Number of protein chains: 2
Amino acid sequence: MATTKPLTRIQEKNRALVLDAALEVFSREGFRGATLDAIAREAGLSKPNLLYYFPSKEEIHITLLEGLVDTWLDPLRALDEDGDPQEELRAYVRRKLQMSRDFPRESRLFAQEIVQGAPRIERGLSTDLKTLVDAKASVIARWQKAGRLAPVDPHHLIFSIWSLTQHYADFEVQVRAVLGPDRDPLTEAEAFLDTLFTRLLAP
Amino acid sequence: MATTKPLTRIQEKNRALVLDAALEVFSREGFRGATLDAIAREAGLSKPNLLYYFPSKEEIHITLLEGLVDTWLDPLRALDEDGDPQEELRAYVRRKLQMSRDFPRESRLFAQEIVQGAPRIERGLSTDLKTLVDAKASVIARWQKAGRLAPVDPHHLIFSIWSLTQHYADFEVQVRAVLGPDRDPLTEAEAFLDTLFTRLLAP
DNA sequence: CGTGGTCTTGACCATTTGGTCAAAAAGAAA
DNA sequence: TTTCTTTTTGACCAAATGGTCAAGACCACG
């Protein structure tokens, strides 16, 4: 097992610097489009210096994605079976939308990875992700069985939340192009999605 | 203006061959990840031969995207003001979902382009796309004013259709990973989305 | 046939890019 | 200061990649 040696202060700082720069570049250019030079420049380090902190471009990418999946699932984890079903789900939508607002780069990085067949995170997909989603789908199913929620397929309900919220981060350029420069997509989306899910979830 | 010379039969055939191969490779690997060698191999041509039909990698990509935007908007164009509002919109959803089933590569290619900021189709976005969407949004608004549709924001309604339907093509790997191998995502989606929009659109 | 255009390709090239290395420049510890 | 470790970098390298070119193969048609 990896006997993770404690990182020095400089290592701590510079690894974070690299990861942030890499997030910026990877999310903008994709894995293949991102160059080590570009990441190094963005991080304010020389290329060899960058490779002193990470052994390879791929390693940076993997590190980034691994940290991501967890954060990504947090809002779903917070779904509480003991709460009010409709309010719990609407709150989930709001949390996801908030992530599109606060972490668009992360959302796009993740989206690009999935669109390309998730070559670097298959593991996390079929295990961690599926496990959690199945568990929460069961919660939703129980709510429905108790008549507290409309009987729509729980898995697809979750997909719909993902797609509707992430759309505003991943396809931001398109949304802005269509709405024009004077409208605020995310604020409007919040109201729209609240209406949508209120109508969808009522028993 | 481009005095488009008539293409020979061989040109016709091989250009189509190249475009199909390019669609396959671009949609799988992204623009930067796709190599001319890979496209040539997929097309069954030599690299110089490929470049005999298209002057550059970028030109192939652009040709592909231009042909795409139109096809992409067809289902929306078909939205008919004189039809039944709810049925028209549900039919639009079905058509878009059908495209996710029939043309997932096209969907993914388009998605990747947008996620990366649409560097190669900005023109089409702020003109063609916006124009058409604004027009159809007006149609929806009139339907709503007549009390034939729930008063939800027309633009976001259209976004929701895009995101929900394209999700099944663009994030197919994720959807399959979560649903497991025995479920058919698209068939289930059709039923789910029909329910969703029935509930959302009722006045 | 032959001839003029179309199509195809092997060899080649310049640039980009991921990654290495040895040696210099900081730090830390004494 | 001295010494030992950690950081930093300029110079390089090999492979990959987009693209060129001249010459040959193929083809239509008078």
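The following exchange concerns a predicted model and works from chain A to helix H1(A) and then to the two DNA strands.

Residues are numbered from 1 along each chain as its sequence is written, while chains are lettered from A and ligands numbered from 1 in the order in which they are written. Because the model is predicted, local features need pLDDT of at least 70 and side-chain atom pairs count only at pLDDT 80 or more, whereas totals for chains, interfaces and linings use all residues, and side-chain values use heavy atoms, with hydrogens and water left out.

Trainee: How many helices and how many strands does chain A have?

Mentor: Helices (H or I, at least four residues) and strands (E, at least two) are taken as DSSP runs, numbered from the N terminus. From that terminus on, the elements of chain A read α-α-α-α-α-α-α-α-α-α. The count for chain A is therefore 10 helices and 0 strands.

Trainee: What percentage of the residues of chain A count as buried?

Mentor: The C-alpha trace of chain A spans about 60 × 50 × 30 Å along its principal axes. A residue is called buried under 20% relative accessible area, exposed over 50% and partly exposed in between, with a 1.4 Å probe and protein chains only. Of the 203 residues of chain A, the buried portion is 51%.

Trainee: Where does H1(A) bend by about 85°?

Mentor: The expected span of a helix is 1.5 Å times one less than its number of residues, and a straight helix of 25 residues would span 36 Å, yet H1 (residues 9-33) of chain A spans only 31 Å between its end C-alpha atoms. A bend at a residue is the angle between axes fitted to the seven residues ending there and the seven starting there. In H1(A), the bend of about 85° is at Ser27(A).

Trainee: Why does Ala22(A) count as buried?

Mentor: Ala22(A) is found in helix H1 of chain A, and, leaving aside its neighbours within four places in sequence, Ala22(A) is in contact (heavy atoms within 4.5 Å) with Ser27(A), Ile39(A), Ile60(A) and Leu64(A). The C-alpha atoms of Ala22(A) and Glu42(A), 20 residues apart along the chain, are separated by 7.9 Å. Ala22(A) counts as buried because its relative accessibility is 0%.

Trainee: Which residue has a polar side-chain atom 3.1 Å from a base nitrogen of DNA strand C?

Mentor: A residue is near a strand if one of its heavy atoms lies within 4 Å of it, and of the 18 residues around DNA strand C, Leu36(A), Lys57(A), Thr8(B), Gln11(B) and Tyr53(B) come nearest. Polar contacts here are pairs of N or O atoms within 3.5 Å; one phosphate oxygen of this strand is 2.8 Å from a polar backbone atom of Lys57(A), and another such pairing, at 3.0 Å, involves the side chain of Arg32(B). The residue whose side chain lies 3.1 Å from a base nitrogen is Lys47(A).

Trainee: Which residue has a side-chain N or O atom 2.7 Å from a phosphate oxygen of DNA strand D?

Mentor: Of the atoms of DNA strand D within 4 Å of the protein, 57% belong to sugar or phosphate and the rest to bases. A phosphate oxygen of DNA strand D is 3.2 Å from a side-chain N or O atom of Asn49(A), and a backbone N or O atom of Ala34(B) lies 3.3 Å from a phosphate oxygen of that strand. At 2.7 Å, the side chain concerned is that of Tyr52(A).

Definitions and conventions
A polar contact is a pair of N or O atoms within 3.5 Å; within protein, one must be able to donate a hydrogen and the other to accept it, and residues adjacent in sequence count only if both atoms are side-chain atoms.
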